[in-house]
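Thanks for sending this one over. Below are my notes, point by point, to read with the structure open beside you.

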2 protein chains.
Amino acid sequence: MTVEGRPGSPPLTARQEARRRRILHASARLAGRGGFDAVQMREVAEAAEVALGTLYRYFPSKVHLLVATMQDQLDALHATLRRRPPAGESAAERVAETLMRAFRALQREPQLADAMVRALTFADRSVSAEVDTVSRRTTAIILDAMRLEHPTPQQLAAVRVIEHTWHSALVTWLSGRASIAQVRLDIETACRLIDGPEAAGERPRAAR
Amino acid sequence: MTVEGRPGSPPLTARQEARRRRILHASARLAGRGGFDAVQMREVAEAAEVALGTLYRYFPSKVHLLVATMQDQLDALHATLRRRPPAGESAAERVAETLMRAFRALQREPQLADAMVRALTFADRSVSAEVDTVSRRTTAIILDAMRLEHPTPQQLAAVRVIEHTWHSALVTWLSGRASIAQVRLDIETACRLIDGPEAAGERPRAAR
DNA sequence: CGCTAATCTAGAACAAGTTTCAGAGTTGGC
DNA sequence: GCCAACTCTGAAACTTGTTCTAGATTAGCG
């Protein structure tokens with residue numbers, strides 16, 4: 001029914017792919033200004049030179065659109081990180097460094113971050129597949145940073161908590177209820193879980 | 001400007017207090033059925049026998065209304081918990097038990113939980129004061145469960161991460177992306193942070 | 001009581017997300 | 001090149017959150 005950029009569904013023609021790209025671009029640009037509220041479906045359609053009905057065929061709701069926008073941004077981030085991997089000594093350090101780097105990227109476009117994160121947490125069941133994709137990509141980024149051959153089940157559990165912390169801390173920062181320092185502390189605290197409770201002596205300390 | 005039930009602002013007359021109560025009651029009832037979407041301002045106003053404009057004078061937006069509803073529910077929960085405190089031996093156990101108990105309470109009214117949590121995470125800056133109140137009450141509940149005389153800074157940091165985990169896990173459960181077992185595991189994982197990385201034999205003992 | 005300011009009501013009006021529909025344009029298969 | 005099926009467009013309509021207005025009610029006060 002829906003076109004969807006996901007590989008697997010009917011492949012898009014070049015023009016369709018271009019439309020999809022224009023839409024995502026317009027979405028990100030509008031979000032970069034006023035945040036969630038500034039992404040108005042009529043304006044996105046106009047900016048992407050597409051009819052409103054078409055926009056809705058590509059993305060069945062504003063939330064779908066913004067979650068897709070987030071997938072896009074995450075991909076870009078992941079690529080960047082692969083090019084310059086984190087340098088910490090322990091897995092915990094590398095994860096914390098990676099997340100803080102992602103965080104600084106979001107800081108540069110706080111309005112865009114606002115739009116994407118609000119969409120993500122506001123998403124209801126009808127978007128759960130897409131949200132899940134975002135979640136899986138986030139997990140992949142964290143696991144990449146850990147650089148472990150065989151993460152233990154406990155470490156995987158730790159990754160889940162870290163992700164929760166990351167999302168929630170982001171939300172509190174975006175709504176002005178936590179400072180950046182606080183976010184960093186929260187992330188570092190959660191990352192302590194990676195090295196496990198036996199962490200003798202060594203405690204997370206800022207790399208560099 | 002706004003009436004607000006918060007003590008401090010102009011005291012409400014009995015009729016106003018009654019209106020406020022009717023509104024919150026109607027809100028919770030509607031949320032208990034269809035969740036966030038079912039809480040429609042016109043319907044709340046009608047059910048509470050109040051004009052739409054009055055509803056907006058008491059709660060300046062749907063999100064404000066639902067966050068206030070959450071404050072209400074949290075108060076009730078906190079009272080219940082005080083009556084029957086958690087019984088675990090370590091602070092971590094008691095916190096996990098408390099949160100799982102809260103979680104079961106929410107499970108009984110998943111639609112209501114959905115409405116409240118969605119409102120909470122969707123809230124923008126204009127609601128941050130109210131959201132902060134909710135957050136502080138949650139913190140109080142957790143600290144109560146820990147029953148520590150002097151929580152260390154690290155333990156306070158752990159509480160923050162636990163709260164993040166709690167919120168975010170709730171969101172993923174509500175959107176059908178995590179099972180209850182998974183939520184429990186996540187909460188228990190986060191609670192491991194309380195007992196601290198030095199987890200040797202005995203640690204934070206209950207002040208009892 | 002009677003006055004004045006604040007509050008409440010009913011209802012219209014507005015804004016933005018979403019749906020719908022008729023007609024024009026594309027595409028893929030033959 | 002031509003047809004059938006699908007896609008896109010433009011515009012109107014519908015829904016629900018939010019705002020506004022004019023007139024009724026109520027509360028506080030002398």
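1. A word on terms before the fold: helices and strands here are DSSP runs, with at least four residues for a helix and at least two for a strand, numbered from the N terminus. Please keep in mind too that this is a predicted model.

2. With that in hand, the fold of chain A is quick to describe. Along the sequence the pattern reads α-α-α-α-α-α-α-α-α, which comes to 9 helices and 0 strands. Chain A has 208 residues, and 42% of them count as buried. If you take the contacts in chain A between residues at least 6 apart in sequence, 69% join residues at least 24 apart.

3. How are the two protein chains related? Chain A superposes on chain B with an RMSD of 0.1 Å after a rotation of 180° and 0.0 Å of shift along the axis. The two copies are thus related as by a two-fold rotation axis. Both copies use the same surface, as 97% of the contact residues of chain A recur in chain B.

4. Now to the contact itself, to which chain A gives 31 residues and chain B gives 30 residues. On the side of chain A that touches chain B, at least two residues come from each of α6, α7, α8 and α9 (180-191). Which helix gives the most to this side of chain A? That is α8(A), with 10 residues. Sorted by class, the side of chain A that touches chain B holds 13 nonpolar, 9 polar and 9 charged residues.

5. Helix α7 of chain A deserves a look of its own. Residues 128-146 make up this helix, and at 1.5 Å a residue its 19 residues should span 27 Å; the end C-alpha atoms are 27 Å apart, so the two values agree. Buried residues of α7(A) include A:Val131, A:Val134, A:Thr138, A:Ile142 and A:Ala145. An α-helix has 3.6 residues a turn, so residues three or four places apart point the same way. The buried residues of α7(A) pack against α4 (62-83), α5 (91-108), α6 (110-122) and α8 (153-174) of chain A. After α7(A) comes A:Arg147, with a positive phi near 55°.

6. On to the DNA, beginning with strand C. Around DNA strand C there are 18 residues, and those that come nearest are A:Gln40, A:Ser61, A:Lys62, B:Ala51 and B:Thr54. Two or more residues each come from α2 (41-47) and α3 (52-58) of chain A, and from α1 (14-32) and α3 (52-58) of chain B. The largest share, 4 residues, belongs to α3(B). The surface near DNA strand C divides into 6 nonpolar, 7 polar and 5 charged residues.

7. What about DNA strand D? Here 18 residues surround the strand, with A:Ala51, A:Gly53, A:Thr54, B:Gln40 and B:Ser61 the closest. The elements that each supply at least two residues are α1 (14-32) and α3 of chain A, together with α2 (41-47) and α3 of chain B. α3(A) gives the most, with 4 residues. By class, the surface near DNA strand D has 6 nonpolar, 7 polar and 5 charged residues.

8. Last, the record. UniProt, in an unreviewed entry, places a "DNA-binding region" at residues 40-59 of chain A. In the model, residues 40-59 of chain A are 70% helix and 0% strand, with the end C-alpha atoms 13 Å apart.

Key. Residues are numbered from 1 along each chain as its sequence is written. Chains are lettered from A and ligands numbered from 1 in the order in which they are written. This is a predicted model: local features need pLDDT of at least 70, side-chain atom pairs count only at pLDDT 80 or more; totals for chains, interfaces and linings use all residues. Copies are superposed by least squares on the C-alpha atoms of residues with pLDDT of at least 70 in both. Two residues are in contact if their C-beta atoms, placed from the backbone, lie within 7 Å. A residue is near a molecule or strand if its C-beta atom, placed from the backbone, lies within 6 Å of it. Ala, Val, Leu, Ile, Met, Phe, Trp, Tyr, Cys and Pro count as nonpolar, Asp, Glu, Lys and Arg as charged, and the others, Gly among them, as polar. The expected span of a helix is 1.5 Å times one less than its number of residues. A residue is buried if 20 or more other C-beta atoms lie within 10 Å of its own, exposed if 12 or fewer, and partly exposed in between; C-beta atoms are placed from the backbone. UniProt positions are given in the numbering used here, feature names are shortened, and annotations may be inferred rather than shown by experiment.
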